Amino acid sequence: MIQVSETAKKRVISLMEDEGFDATKDYVRVGVKSGGCSGLSYELKFDDKIGETDKVFEDNNVRIIVEKKSFLYLAGTVLEYSGGLNGKGFIFNNPNAQRTCGCGESFSL
């Protein structure tokens with residue numbers, strides 16, 4: 001399962017509305033791909049379709065889909081959002097990551 005903090009929820013809903021998605025019926029697609037300075041990087045986008053190999057979750061009124069292969073890397077992750085002085089953006093607090101890069105956008109196992 002992937003959890004969504006209150007601050008991330010507010011930002012997700014706002015961005016979904018800005019891009020023409022409806023948070024009550026559309027999804028946040030969270031994934032992992034090869035790349036980044038630590039080997040694997042996070043993907044975050046909006047989607048209105050569920051694939052055959054997708055796992056579906058809902059936390060804090062945010063509907064999340066994760067492709068089965070990515071879920072192995074993301075189980076237990078908490079999606080957070082920081083708007084502080086050090087920059088704005090989504091933060092993946094991933095208990096599976098053994099090492100992360102300085103920007104927090106990539107990790108390794």
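This passage describes the overall architecture of a predicted model and then two of its acidic regions.

The protein chain comprises 109 residues, of which 39% are buried. Its secondary structure consists of 2 helices and 9 strands. Read from the N terminus, these elements follow the order β-α-β-β-β-β-α-β-β-β-β. When contacts between residues at least 6 apart in sequence are considered, 52% of them link residues at least 24 apart. The surface exposed by the protein chain amounts to about 6500 Å², and 47% of this area is supplied by carbon and sulfur atoms.

A negative patch is present on the surface, where Glu17, Asp18, Glu19 and Asp22 come together. Glu17 belongs to helix α1, which spans residues 6-18. The relative accessible area of Glu17 is 54%. Glu17 is therefore classed as exposed, because its value of 54% lies over the 50% cut-off for that class.

A further acidic residue, Asp59, is located in strand β4, which covers residues 54-59. Asp59 is buried, yet no salt bridge is formed by this residue. The nearest side chain of opposite charge is that of Lys9, at a distance of 9.6 Å. With residues up to four places away in sequence left out of account, Asp59 is in contact with Met1, Ile2, Gln3 and Val4. Asp59 is thus described as buried, whereas Glu17, a member of the negative patch, is exposed.

Definitions and conventions. Residues are numbered from 1 along each chain as its sequence is written. This is a predicted model: local features need pLDDT of at least 70, side-chain atom pairs count only at pLDDT 80 or more; totals for chains, interfaces and linings use all residues. Side-chain values use heavy atoms; hydrogens and water are left out. Patches are made of residues with over 30% relative accessible area and no salt bridge: like charges are joined within 9 Å, nonpolar side chains (Val, Leu, Ile, Met, Phe, Trp, Tyr) within 5 Å. Accessible areas come from the Shrake-Rupley method with a 1.4 Å probe; for residues, only the protein chains shown count as cover. A salt bridge is a side-chain nitrogen of Lys or Arg within 4 Å of a carboxyl oxygen of Asp or Glu. Lys and Arg count as positive and Asp and Glu as negative; His and the chain ends are not counted. The place of a charge is taken as NZ of Lys, CZ of Arg, CG of Asp or CD of Glu. Helices (H or I, at least four residues) and strands (E, at least two) are DSSP runs, numbered from the N terminus. Buried means under 20% relative accessible area, exposed over 50%, partly exposed in between (1.4 Å probe, protein chains only). Contact means heavy atoms within 4.5 Å.
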